[in-house]
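This report looks at how some helices pack and where some single residues sit. Please keep the sequence and the 3D view at hand while reading.

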Amino acid sequence: MSHSPQPVISATGLFTPAERISNEELVASFNEYVALHNRENADAIAAGEMPELTESSVEFIEKASGIGSRFVVDKAGILDPAHMAPRIAERGNDELSILAEIAVAAAKDALARAGRDARDVDAVLCAASNMQRAYPAMAVEIQDALGIDGFGFDMNVACSSATFGIQTAADYIRAGHAKSVLVVNPEICSGHLNWRDRDSHFIFGDVATATLVEDKEIAPAGHWDILGTKLKTVFSNNIRNNFGFLNRGHGGIDQSGPKSDKLFVQEGRKVFKEVVPMVANMIVEQMELLGLAGGDMRRLWLHQANTNMNRLIAQRVLGHEASADESPTVLDTYGNTSSAGSIIAFHLNHEDMVAGDTGLICSFGAGYSAGTVFVRRT
């Protein structure tokens, strides 16, 4: 009897940068920048030609997002009021790029946890919000660094890149095109965040995650069956980043102003109002198709962007206010790490789950894009 491939999650991996920025440190730096800007532009502000910048505060950040701190690849550059961006030295073409470096670290962690040799992996999908370059693909560089004989490609679905990558990997396994696929999410979000914008300067952190998706036949004990996945996109300008290779064709690249559209920009209130019902409805509809009810869900690993969004989504899915155990958060320590957020939540909060426990990995963000991966512990 021929084997029908069944995709499962064998393991996940995590790389966390060594440096961390607290809200207190971030606010002190931002407010120093504000004071400097207002002092240098006092005449223009007095004449009404330029708005006066407003200080940030720890209370504002925590109320707006639930974020307490974030890990970054370069703390000094971000906290320098005269620079306010990470300083990342350019590497030669013969050196491993920084995005590949952190992805490889997360991938090695996932492989070790699954007891899998990189030579047994067939493909690498690099799924993240911002790629370091156009080509060669980051995935191919990561594949080469790991010593994988197969194929790799990049994919960008912003904050939902990881769940889109997991479904893509699962589809390859179902079709018989691969038995073992690494989905890596290197996110150096500090590079595309506008640290001079009061409304968003606190949002993002840096990290890398990896998910090993394999055929159940070769998966280690204690793996996670994938019960079902669903992807959805709806076009919206409410989260946008216009940085790209065509910028030089229409007047250069301006990253100096607090509202530069060549960096991350969003209409936060509109995003909240539109994304919460979209995602909640998507999850509930998928649960009905899978024959699941709120009481069947042991844990939700939701996208880590905003605690208030997660509270409302979890309440709709579970039918009651979720406990920290039912819907764990990593926002307080990692901040928003785009596509990696729900994978970090899963990675750090699954060891206590037992065979038969059902959970949901869910992402949502720019696009709009949303992805669900329902899993059950074996």
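Contact here means heavy atoms within 4.5 Å. The model is a predicted one, in which local features need pLDDT of at least 70 and side-chain atom pairs count only at pLDDT 80 or more, while totals for chains, interfaces and linings use all residues. Residues are numbered from 1 along each chain as its sequence is written, and side-chain values use heavy atoms, with hydrogens and water left out.

**Q304 and its surroundings**

Helices (H or I, at least four residues) and strands (E, at least two) are DSSP runs, numbered from the N terminus. Q304 is found in the loop between β11 (297–302) and α9 (307–318). Leaving aside neighbours within four places in sequence, Q304 is in contact with N310, P328, T329, V330, L331, G335, N336, T337, G341, S342 and A345.

Is Q304 buried or exposed? Buried means under 20% relative accessible area, exposed means over 50%, and partly exposed is in between (1.4 Å probe, protein chains only). Q304 has a relative accessible area of 0%, so this residue is buried.

A polar contact is a pair of N or O atoms within 3.5 Å; within protein, one must be able to donate a hydrogen and the other to accept it, and residues adjacent in sequence count only if both atoms are side-chain atoms. The side chain of Q304 makes such a contact with the side chain of T329, at 3.1 Å. The Q304 side chain also reaches the backbone oxygen of L302, at 2.7 Å.

G341, S342 and A345 are among the contacts of Q304, and these three residues are also among the buried residues of α11. Helix α11 covers residues 341–348, and 7 of its 8 residues are buried. Besides the three just named, the buried residues of α11 include I343, I344, F346 and H347.

**Three pairs of helices**

Axes are lines fitted to C-alpha atoms, for helices over the stretch in contact, and angles run from 0 to 180 degrees between N-to-C directions. The table lists the pairs.

| Helix pair | Angle | Axis distance |
|---|---|---|
| α5 (98–114) and α6 (138–146) | roughly 55 degrees | within 9 Å |
| α1 (23–40) and α3 (58–65) | about 120 degrees | 9 Å |
| α8 (268–290) and α9 | about 30 degrees | 9 Å |

Angles under 35 degrees count as roughly parallel, over 145 as roughly antiparallel, 65 to 115 as roughly perpendicular and the rest as oblique.

The axes of α5 and α6 cross at roughly 55 degrees, which means that α5 is oblique to α6. On the α5 side the contact is made by L99, A100, A103, V104, A107 and K108, and on the α6 side by M138, E141, I142, A145 and L146. Ala, Val, Leu, Ile, Met, Phe, Trp, Tyr, Cys and Pro count as nonpolar, Asp, Glu, Lys and Arg as charged, and the others, Gly among them, as polar. The contact of α5 with α6 has 9 nonpolar, no polar and 2 charged residues.

For α1 and α3, the angle is about 120 degrees, and therefore α1 is oblique to α3. N23, E24 and V27 of α1 meet V58, I61 and E62 of α3. By class, these are 3 nonpolar, 1 polar and 2 charged residues.

The angle for α8 and α9 is about 30 degrees, so these helices are roughly parallel to each other. From α8, the contact involves V271, F272, V275, V276, V279, A280, N281, I283, V284 and M287, and from α9, N308, M309, L312, I313, R316 and V317. This contact divides into 13 nonpolar, 2 polar and 1 charged residues.

**Three more residues**

S56 lies in the loop between α2 (42–46) and α3. At 5% relative accessibility, S56 counts as buried. Its side chain joins that of H201 in a polar contact of 2.9 Å. Beyond four places in sequence, S56 touches V27, F30, N31, I61, R198 and H201. V27 and I61 also take part in the meeting of α1 and α3.

V73 is in the loop between β3 (69–72) and α4 (75–79), and is partly exposed at 24% relative accessible area. V73 and G205 are 132 residues apart in sequence, yet 8.8 Å apart in space, C-alpha to C-alpha.

T233 belongs to strand β8 (residues 224–233). T233 counts as exposed, at 53% relative accessibility. Leaving aside neighbours within four places in sequence, T233 is in contact with F164, Y368 and S369.
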